[in-house]
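Got a minute to go over a ligand site and some enclosed space? Let's ask how each label is earned.

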Amino acid sequence: MARFFLGLDSSTQSLSAVVIDLDSRKVIYEKSLNFDQALPQFKTRNGVLPNRDPLIKHSSPRLWAAALDQLFATMKNDGVALGKILAVSGCGQQHGSVYLNQKAEAALAGLDPQESLEKNLDGILARKTSPIWMDSSTTKECCEIRKKLGGIKFTASRTGSDTFERFTGPQIRKFCKTEPKAYAQTAHIALVSSFMASLLAGKIAPIDFGDGAGMNLMDIRRKNWNHDALKATAPGLTKKLPLLADAGRVIGRVSSYFVQKYGLNPEASATVWTGDNPASVLGLGLIKPGQVAISLGTSDTFFGTMDKCQTDENGEGHVFGSPADGYMTLICFKNGSLAREKIRELYKISDWKKFGELVAQTPPGNNGGILLPWFEPEIVPRVHQPGIRRFDLDEQDAAANCRAIFEAQMLSMRLHSQWMQVAPERIFVTGGASSDRALLQILADVMNCRVLRIEISKSAALGAALQAAHGWLAADCQDVKWEKLVAGFTAPVPGSDILPNKKAVKVYDEMLKKYAACEYEAQLA
Ligand code: XUL
């Protein structure tokens, strides 16, 4: 019998599904459902609910449940062999939280297939909306928790990261301070990933060590809830958090809701989900320690795998548990494609090909011109007041400004990833902007490293499907090696190799010092 596994990715703007056939090592189905387009009644923009305060970014758990219904209906209509799926796993946008009351357990256990999944949530949400990773409204709470935990270095070495506005702990603290009644009525706090896993399993699901590390609440080394962090965050938190467990671990059978409504295999295993970045690590095949990938998307993320836990003393980067054992590091630069697009609009450049041609008109190093492209508050380096700054750069010179944004973003990645102390032999790149050769050449030159492109549009959902397979095989007492499991699903695009140019490498080695000084000056201003 064929062995099919389903992976779901509940990300910021969409819900995606990938089905793999483990024996032929093929992706046999993939689909994405865009929230704004498929569910316009929720009135989200790019997956976010409108809010007058630009620092507040929330979304809706009802939207995520409605999307799950719609995606299963689409899979059924598309003739996906749901009856043959052996296990389902998934991942979610990290840090976002869902607040459920004491009726949730019973409601999840008895999900009614005659009603929509959204309707099944009636009366169980202790908070209507969910703060998500784009929220930056908790600076005060970050300070308070960090202070109680003994400062940046200690917070990072304990929980894997310094406190960050988008991390769940500071978000919970703000909720408890501003809506104490609703907080008191909260019986269960879930992450986006564990909320979706709970719907699939029909019970409160554990949080995994990958996504759990994005909360400022988990002890990164011991992999259990850290009581000092819980105490520093909000009262009574111990009782509201679920168990921590390995991603992919089987937690039971899928809820009969999906069996009756969509014909999902009644024997299919429901498993623990993880965060979208840990799942991408699997989907990109980054299993060996020291492997590095950069995802060039709405935000740019730089991630790699480590066998030993090493945290960032400066508190800019994060360490999460990797779903493939060990640890992964992550640095999130919020102004990724967002900033690149803003520059393209600003200089009225028709497309990225033209943009690349302009970049080629100026030499590596941009004759000393530097641009700091913080159109939105930046996560790394921490910038609360957005704004762009130019140093020795003529605002009227379109070509120099195009090169400047590419160089600044890549130099920033090099500067802020130094704490990881990994000297990769090659860097894999993925995401929308990874087809831009001009950008990749600058990346190769700045990092002095070979760059290879991996073209997987749904690396997180693929990782989730592999996680489902791993969990199912482990529950079946089969000894399964991650390296063997991921083999064949991911390969660099043939001919996508970009090698560093020796002359440019020297230029960027020098330029890094000036770039760092400009960042420092801009942060002081
Ligand atoms: C990671 C982060 C983002 C979200 C995007 O820390 O905040 O990458 O996970 O979904």
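**Ligand site and cavity**

Q: What makes a residue one of those around the ligand in this predicted model?
A: A heavy atom within 4 Å of the ligand is what it takes. The residues that pass are T12, Q93, Q94, H95, W133, R166, D276, N277, T301 and L330. By class, that shell has two nonpolar, six polar and two charged residues.

Q: Why is the pairing of D276 with the ligand called a polar contact?
A: The cut-off for a pair of N or O atoms is 3.5 Å. A polar side-chain atom of D276 sits 2.4 Å from a ligand oxygen, so the pair counts. H95 also gets in with a polar side-chain atom, at 2.7 Å from an oxygen of the ligand. With Q94 a polar backbone atom does the job, 3.1 Å from a ligand oxygen.

Q: How do you know how much of the ligand the protein buries?
A: Taken alone, the ligand exposes 290 Å², and 95% of that is buried by the protein.

Q: What makes a space a cavity rather than a pocket?
A: A 1.4 Å probe fits in a cavity but cannot get out, whereas a pocket is open. Three cavities of 30 Å³ or more turn up here, and the largest has about 100 Å³ of space.

Q: Which element supplies the largest share of the lining of the largest cavity?
A: That's α16, with four residues. Both α16 (398-416) and β20 (370-374) supply at least two. Among the lining residues are W374, A408, Q409 and Y515. The lining splits into seven nonpolar, three polar and two charged residues.

How values were computed: Residues are numbered from 1 along each chain as its sequence is written. This is a predicted model: local features need pLDDT of at least 70, side-chain atom pairs count only at pLDDT 80 or more; totals for chains, interfaces and linings use all residues. Side-chain values use heavy atoms; hydrogens and water are left out. A polar contact is a pair of N or O atoms within 3.5 Å; within protein, one must be able to donate a hydrogen and the other to accept it, and residues adjacent in sequence count only if both atoms are side-chain atoms. Accessible areas come from the Shrake-Rupley method with a 1.4 Å probe; for residues, only the protein chains shown count as cover. Ala, Val, Leu, Ile, Met, Phe, Trp, Tyr, Cys and Pro count as nonpolar, Asp, Glu, Lys and Arg as charged, and the others, Gly among them, as polar. On a 1 Å grid over the protein atoms alone, a cavity is a set of points where a 1.4 Å probe fits but cannot get out, and a pocket is an open set with protein on both sides within 12 Å along at least five of seven lines; lining residues have an atom within 4 Å of a point. Grid points are joined across faces, edges and corners, and a volume is the space filled by probe spheres set on the points.
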